[in-house]
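Thanks for coming, everyone. Please have the sequence and the model open in front of you, and I will walk through them from the overall layout down to a few individual residues.

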Amino acid sequence: MHASCRTFTFDSVEEKINPAAASYHYEQLAKIIENKIRTGEFAAGSRLPGELILSQEYGVGSNTVRRALDILRERGLIITVRARGSFVVEQLPAAESGQGGE
């Protein structure tokens, strides 16, 4: 299933976590990653960067990254395979309306 998938690395992070925002950092990170998935920057079947890379790139702790990935799993956008990483699902669910309240 994932034999030919790409792993993404960051050349530069365009979207950043806003420490002054009303939403939690993990919610912001989940939204950033979801946007990258929905725009195709993280393609279907591809492996996401690891927790350490995401943590370093966005300047957040590993717990924040884990919580963001939990949100993405709950939304059906990614699956996580133990000792392999997190992957974008092959078939994306429809975008939820009303996510602005997070």
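Let me start with the layout: the protein has 3 helices and 2 strands, and, read from the N terminus, these elements come in the order α-α-α-β-β. Please keep in mind throughout that this is a predicted model. Of the 102 residues in the protein, 38% are buried, and the exposed surface comes to about 6,300 Å², with carbon and sulfur atoms supplying 47% of that area. If we take the contacts with a separation of 6 or more, 61% of them are between residues 24 or more positions apart.

Now to the interior. In soluble globular proteins, nonpolar side chains tend to be buried together. Here the largest nonpolar core has 20 residues, and those with the most contacts inside it are Leu29, Ile33, Ile37, Leu48, Tyr58, Leu72 and Ile78. Two or more residues each come from helix H1, which covers 25-38, helix H2, which covers 51-58, and helix H3, which covers 62-74; H1 gives the most, with 6 residues. Leu48 is a useful one to click on, as, once residues up to four places away in sequence are set aside, Leu48 touches Ile33, Phe42, Leu69, Ile78, Ser86 and Val88.

That brings me to H1 itself. How many of the 14 residues of H1 are buried? The count is 10, so this helix is largely enclosed by the rest of the structure. Those buried residues are Tyr26, Glu27, Gln28, Leu29, Ala30, Ile32, Ile33, Glu34, Lys36 and Ile37, and what covers them includes H2, H3, strand E1 at 78-81 and strand E2 at 85-88. From its first C-alpha to its last, H1 reaches 20 Å, close to the 20 Å expected at 1.5 Å a residue. Just after H1, Gly40 takes a positive phi of about 90 degrees.

Finally, let us look at His25, which also lies in helix H1. Is His25 buried or partly exposed? Its relative accessibility is 33%, and because buried means under 20% and exposed means over 50%, His25 counts as partly exposed. Leaving out neighbours within four places in sequence, His25 is in contact with Ile17, Asn18, Pro19, Val60 and Thr64. As for Val65, which is 40 residues away from His25 along the chain, the C-alpha atoms of these two residues are separated by 8.9 Å.

Notes. Residues are numbered from 1 along each chain as its sequence is written. This is a predicted model: local features need pLDDT of at least 70, side-chain atom pairs count only at pLDDT 80 or more; totals for chains, interfaces and linings use all residues. Side-chain values use heavy atoms; hydrogens and water are left out. A nonpolar core is a set of buried Ala, Val, Leu, Ile, Met, Phe, Trp, Tyr and Cys residues joined through side-chain atoms within 4.5 Å. Buried means under 20% relative accessible area, exposed over 50%, partly exposed in between (1.4 Å probe, protein chains only). Helices (H or I, at least four residues) and strands (E, at least two) are DSSP runs, numbered from the N terminus. Contact means heavy atoms within 4.5 Å. Accessible areas come from the Shrake-Rupley method with a 1.4 Å probe; for residues, only the protein chains shown count as cover. The expected span of a helix is 1.5 Å times one less than its number of residues.
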